[in-house]
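The following exercises are to be worked with the sequence and the structure in view. Each task is followed by a solution in steps.

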Amino acid sequence: MKEVARLQSSSLSLGDVKMFPIPENPDRLTALVLRTNTGVYGWLNACPHDGRMLCQDPTYLLKRKTGLIQCMHHQATFDPESGICDDGPCLGEKLREVKIIEKDGQIVVLL
Ligand code: FES
């Protein structure tokens with residue numbers, strides 16, 4: 001696994017989402033890192049429906065009312081903690097996980 005990003009834990013508040021480029025990938029994929037009540041989660045910014053980016057701007061990844069991840073293309077929604085699609089064209093499929101380690105005040109993003 002390679003380190004994609006490292007950030008201070010204090011820079012990711014509850015409900016925040018940050019996006020990081022993944023080095024050396026010709027598809028120019030990005031990683032999404034977010035904090036919920038239960039911890040920090042990382043997901044590849046790619047929808048299982050047809051591989052398009054879930055979002056271009058991480059500010060708009062989570063639906064305000066429900067806190068679910070919502071794909072900007074066909075509005076599939078995903079649980080931000082399990083990554084499982086609960087509504088939309090990829091129902092039951094799962095986002096690809098990006099490994100997160102939070103330790104000693106730092107968040108390390110690995111892929
Ligand atoms: S590409 Fe995400 S729902 Fe279609």
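**Exercise 1. Determine the order of the secondary-structure elements and the overall dimensions of the chain.**

Solution. Step 1: read from the N terminus, the elements of this predicted model run β-β-β-β-β-β-β-β-β. Step 2: the count is therefore nine strands and zero helices, with a strand taken as a DSSP run of at least two residues. Step 3: the C-alpha trace spans about 40 × 35 × 20 Å along its principal axes. Step 4: a compact globule of 111 residues would have a radius of gyration near 13 Å, and the chain, at 13 Å, agrees with this. Step 5: 41% of the 111 residues count as buried. Step 6: among contacts with a separation of 6 or more, 41% join residues 24 or more positions apart.

**Exercise 2. Describe the pairing and the burial of strand β3.**

Solution. Step 1: locate β3 at residues 30–36. Step 2: identify its partners. Strand β2, residues 17–21, runs antiparallel to β3 and is joined to it by five bridges; here Met 19 stands opposite Leu 32. Strand β4, residues 39–44, also pairs with β3 in the antiparallel sense, over six bridges, and Gly 39 of β4 is opposite Thr 36. Step 3: examine the connection between β3 and β4, which form a hairpin with two residues between them. Step 4: assess burial, for which the cut-off is under 20% relative accessible area. Seven of the seven residues of β3 are buried. Step 5: assign the residues to faces. Thr 30, Leu 32, Leu 34 and Thr 36 lie on one side, with Ala 31, Val 33 and Arg 35 on the other, and both faces are covered.

**Exercise 3. Is Ser 9 buried or exposed, and which residues does it touch?**

Solution. Step 1: place Ser 9 in the loop between β1 (3–8) and β2. Step 2: compare its accessibility with the cut-off. Ser 9 has a relative accessibility of 14% and therefore counts as buried, since the limit is under 20%. Step 3: list its contacts, leaving out residues up to four places away in sequence. Ser 9 touches Arg 35, Glu 102, Gly 105, Gln 106 and Ile 107. Step 4: connect this with Exercise 2, where Arg 35 was assigned to one of the covered faces of β3.

**Exercise 4. Characterise the largest pocket by volume, lining and residue class.**

Solution. Step 1: the largest pocket holds about 230 Å³ of space. Step 2: it is lined by 16 residues, of which Gly 15, Asp 16, Val 17, Leu 62 and Gly 67 are the closest to its centre. Step 3: strand β3 supplies the largest share of this lining, with three residues. Step 4: sorted by class, the lining of the pocket comprises seven nonpolar, five polar and four charged residues.

**Exercise 5. How many cavities of 30 Å³ or more does the structure hold, and which residues line the largest cavity?**

Solution. Step 1: the structure holds one cavity of 30 Å³ or more. Step 2: the volume of the largest cavity is about 40 Å³. Step 3: its lining consists of Cys 47, His 49, Asp 50, Arg 52, Cys 71, His 73, His 74, Ala 76 and Pro 89. Step 4: by class, four of the lining residues of this cavity are nonpolar, three are polar and two are charged.

Terms used
Residues are numbered from 1 along each chain as its sequence is written. This is a predicted model: local features need pLDDT of at least 70, side-chain atom pairs count only at pLDDT 80 or more; totals for chains, interfaces and linings use all residues. Side-chain values use heavy atoms; hydrogens and water are left out. On a 1 Å grid over the protein atoms alone, a cavity is a set of points where a 1.4 Å probe fits but cannot get out, and a pocket is an open set with protein on both sides within 12 Å along at least five of seven lines; lining residues have an atom within 4 Å of a point. Grid points are joined across faces, edges and corners, and a volume is the space filled by probe spheres set on the points. Helices (H or I, at least four residues) and strands (E, at least two) are DSSP runs, numbered from the N terminus. Ala, Val, Leu, Ile, Met, Phe, Trp, Tyr, Cys and Pro count as nonpolar, Asp, Glu, Lys and Arg as charged, and the others, Gly among them, as polar. Buried means under 20% relative accessible area, exposed over 50%, partly exposed in between (1.4 Å probe, protein chains only). Two strands pair if DSSP finds at least two bridges between them. Contact means heavy atoms within 4.5 Å. The radius of gyration is taken over C-alpha atoms; the globule rule is 2.2 Å times the number of residues to the power 0.38.
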